[in-house]
Amino acid sequence: GKAAHRVKLVVEIDGSIHSNEDVKKKDAQKENDLNGNGYTVIRFSNNEVMANVSLVVEKLKLAITNCLNNNY
């Protein structure tokens, strides 16, 4: 059978609150914890998603490919 690939990718879509310094610190800590557990975190702003969703999709495809390549 085919080997199952697990993509450990976390996608965050952030509103304007994430420019707040306290929120940034909590985001960084959460990201460090996730990275320590083998997850990759990719962030987009609400504006990026609304303005250019096709670019966001391309970045997600690239991130998934990178995750799969790093799991070998």
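**Around E12 and the nonpolar core**

Setting aside neighbours within four places in sequence, E12 is in contact with K30, V41, I42, R43 and F44. This comes from a predicted model, with E12 sitting in strand β1. For a charged residue name, the accessibility is worth a look: E12 counts as buried because its relative accessibility is 13%, and the cut-off for buried is under 20%. One of its contacts, K30, also pairs up through side chains, with a polar contact of 3.2 Å between the side chain of E12 and that of K30.

F44, another contact of E12, has a list of its own. Not counting residues up to four places away in sequence, F44 touches V11, E12, I13 and D14, and also V49, V56, K59 and L60. F44 is also part of the largest nonpolar core, a set of six residues completed by L9, I42, V56, A63 and C67. Strand β2 (40-45) and helix α3 (53-70) each put at least two residues into this core, and α3 gives the largest share, with three.

As for rings, the structure has zero aromatic pairs. There is, however, a charge over a ring: the charged end of K8 sits over Y39, 4.9 Å from the centre of its ring.

On confidence, the protein has a mean pLDDT of 88, with 90% of its residues at 70 or more. Among the elements, the lowest mean pLDDT, 92, belongs to strand β1 (residues 9-14), and the highest, 94, to helix α2 (residues 46-51). Where pLDDT is low, predicted coordinates should not be read in detail.

Methods:
Residues numbered from 1 in each chain as written. Predicted model: local features only at pLDDT ≥ 70, side-chain atom pairs only at ≥ 80, totals over all residues. Heavy atoms only, no water. pLDDT = per-residue confidence, 0-100. Helix = DSSP H or I, 4+ residues; strand = E, 2+ residues; numbered from the N terminus. Phe/Tyr/Trp six-rings, centres within 6.5 Å; stacked < 30°, edge-to-face > 60°. Lys NZ or Arg CZ within 6 Å of the ring centre and 35° of its normal. Core = buried A, V, L, I, M, F, W, Y, C linked by side-chain atoms within 4.5 Å. Buried < 20%, exposed > 50% of the residue type's maximum accessible area, 1.4 Å probe, protein only. Contact = heavy atoms within 4.5 Å. Polar contact = N/O pair within 3.5 Å; in protein donor to acceptor, adjacent residues only side chain to side chain.
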